[in-house]
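Reader: Before I rely on any label attached to this model, I would like to see the reasoning behind it. Could you take me through the assignments one at a time?

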Amino acid sequence: FPSHDTDPELIEYYKTDVRKISCDINFDDRNAGGFMGWSRADKLIKKMQSQKPIILCVVGESGSGKTTLVDKIQSTYGITMIESYTTRPKRTPDELGHTFVTDEQFDAFNPSDMIAFTEFGKYRYCCLKSDVRNENTYVIDEKGLRYLRDNFSDLYEIHTLRVTCGTAERIQRAGKERVLRDEGKFTMRESAFEFVWRTDTYLEDSSRGKRRAEELAELDEFILKVFKRGWK
């Protein structure tokens with residue numbers, strides 16, 4: 001239970017008396033669907049103690065909308081995306097979503113600290129174990145997903161979400177060159193993924209409004225299930 005006085009170390013850290021609670025586990029009844037009593041809370045704590053970090057791998061071609069989706073997950077649920085390190089140059093000066101490094105910097109990474117290593121064209125991508133939090137989304141290609149599963153399933157709870165969109169619309173979004181570069185690199189069947197999210201604009205038409213609302217609810221339910229939100 002918190003005291004009425006803020007820990008001096010927290011005052012120093014935040015540079016003000018912000019009344020922050022110092023604890024190992026903080027229950028927010030709004031995020032947990034309403035507080036359901038200490039007996040169930042105790043069960044949840046024990047479950048959390050044995051839980052692996054969760055990584056929701058989001059797979060999709062250029063222009064499919066995967067980055068838009070993970071941004072939406074972050075703004076809605078507070079679940080942040082793992083930013084890959086890559087030797088690829090920025091496409092635009094303000095491009096986000098990756099940490100851009102030189103070949104020399106990438107070579108300095110310890111291979112044993114890398115997860116989800118992949119090469120795309122002549123560029124390399126990876127993230128480091130130190131970048132993984134308890135809850136994560138990660139934009140990744142199929143090669144990187146296989147590498148992650150084959151080598152790190154014992155460390156992380158890995159889930160998959162496929163984002164898909166028609167070729168013509170992806171060309172409008174990302175350009176023909178990037179779309180053509182993806183050809184032959186996405187071969188896994190949709191049935192291999194836990195959830196498939198389609199982002200074609202026609203799906204947003206008012207004539208499909210009711211069905212799209214149902215699909216959004218299904219997406220929300222999937223994300224809540226993956227990240228074990230609530231008191232189940």
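Author: What follows is a set of questions about a predicted model, each answered by setting a value against its cut-off.

Reader: Why is Arg162 called buried or exposed, and where does this residue lie?

Author: Arg162 lies in strand β7, and its relative accessibility is 6%; since buried means under 20%, Arg162 counts as buried.

Reader: What makes the pairing of Arg162 with Glu61 a polar contact?

Author: The two side chains approach to 2.9 Å, and because the limit for such a pair of N or O atoms is 3.5 Å, the pair qualifies as a polar contact. Beyond four places in sequence, Arg162 is also in contact with residues including Val59, Gly60, Phe186 and Trp197.

Reader: How is Ser191 classed, and how far is Ser191 from Arg162?

Author: Ser191 lies in the loop between α7 (176-181) and β8, and with a relative accessibility of 66% against a threshold of over 50%, Ser191 is classed as exposed. Although Ser191 and Arg162 are 29 residues apart in sequence, their C-alpha atoms are 9.7 Å apart in space.

Reader: Which residues touch the most other members of the largest nonpolar core, and which elements supply that core?

Author: That core has 19 residues, and Leu69 and Leu161 are the ones that touch the most other members. At least two residues of the core come from each of β1 (54-59), α3 (66-77), β7 (157-164), β8 (195-198) and α8 (209-226). Leaving aside neighbours within four places in sequence, the contacts of Leu161 include Leu56, Val58, Leu69, Phe195, Leu219 and Phe222. A second core, separate from this one, has 18 residues, among them Val59, Cys127, Ile158 and Phe186.

Reader: How do you know that Cys126 is not bonded to Cys127?

Author: The closest cysteine sulfur to that of Cys126 belongs to Cys127 and is 6.7 Å away, whereas a disulfide requires sulfur atoms within 2.5 Å, so the separation is too far for a bond. A search of the whole structure finds zero disulfides. Cys126 is nevertheless buried, with a relative accessible area of 0%, and Cys165, at 7%, is buried as well.

Reader: What makes β3 and β4 edge strands, and how is their sheet ordered?

Author: The sheet is open, with four strands in the order β3-β2-β5-β4 and mixed pairing; β3 (98-100) and β4 (114-120) are edge strands because each pairs on one side only. From one strand to the next, the twist averages 25°.

Reader: How do you know that β2 and β5 are paired?

Author: Pairing requires at least two bridges, and β2 (residues 84-86) and β5 (residues 123-128) are joined by two bridges in the antiparallel sense, so they count as paired. Within this pair, Tyr85 has Cys126 as its bridge partner.

Reader: Why is strand β6 described as largely enclosed?

Author: Four of the five residues in β6 (residues 135-139) are buried, and that is why the strand is described as largely enclosed by the rest of the structure. Strand β6 runs parallel to β1, to which five bridges join it, and Ile54 stands opposite Glu135.

Reader: What is notable about phi at Ala116 and Lys228?

Author: Most residues other than glycine have a negative phi. Ala116, in strand β4, has a positive value near 55°, and phi of Lys228, in the segment after α8, is likewise positive and near 55°. Ala116 is buried at 1% relative accessibility, whereas Lys228, at 27%, falls between the cut-offs of 20% and 50% and therefore counts as partly exposed.

Conventions. Residues are numbered from 1 along each chain as its sequence is written. This is a predicted model: local features need pLDDT of at least 70, side-chain atom pairs count only at pLDDT 80 or more; totals for chains, interfaces and linings use all residues. Side-chain values use heavy atoms; hydrogens and water are left out. A nonpolar core is a set of buried Ala, Val, Leu, Ile, Met, Phe, Trp, Tyr and Cys residues joined through side-chain atoms within 4.5 Å. Buried means under 20% relative accessible area, exposed over 50%, partly exposed in between (1.4 Å probe, protein chains only). Contact means heavy atoms within 4.5 Å. A polar contact is a pair of N or O atoms within 3.5 Å; within protein, one must be able to donate a hydrogen and the other to accept it, and residues adjacent in sequence count only if both atoms are side-chain atoms. Axes are lines fitted to C-alpha atoms, for helices over the stretch in contact, and angles run from 0 to 180 degrees between N-to-C directions.
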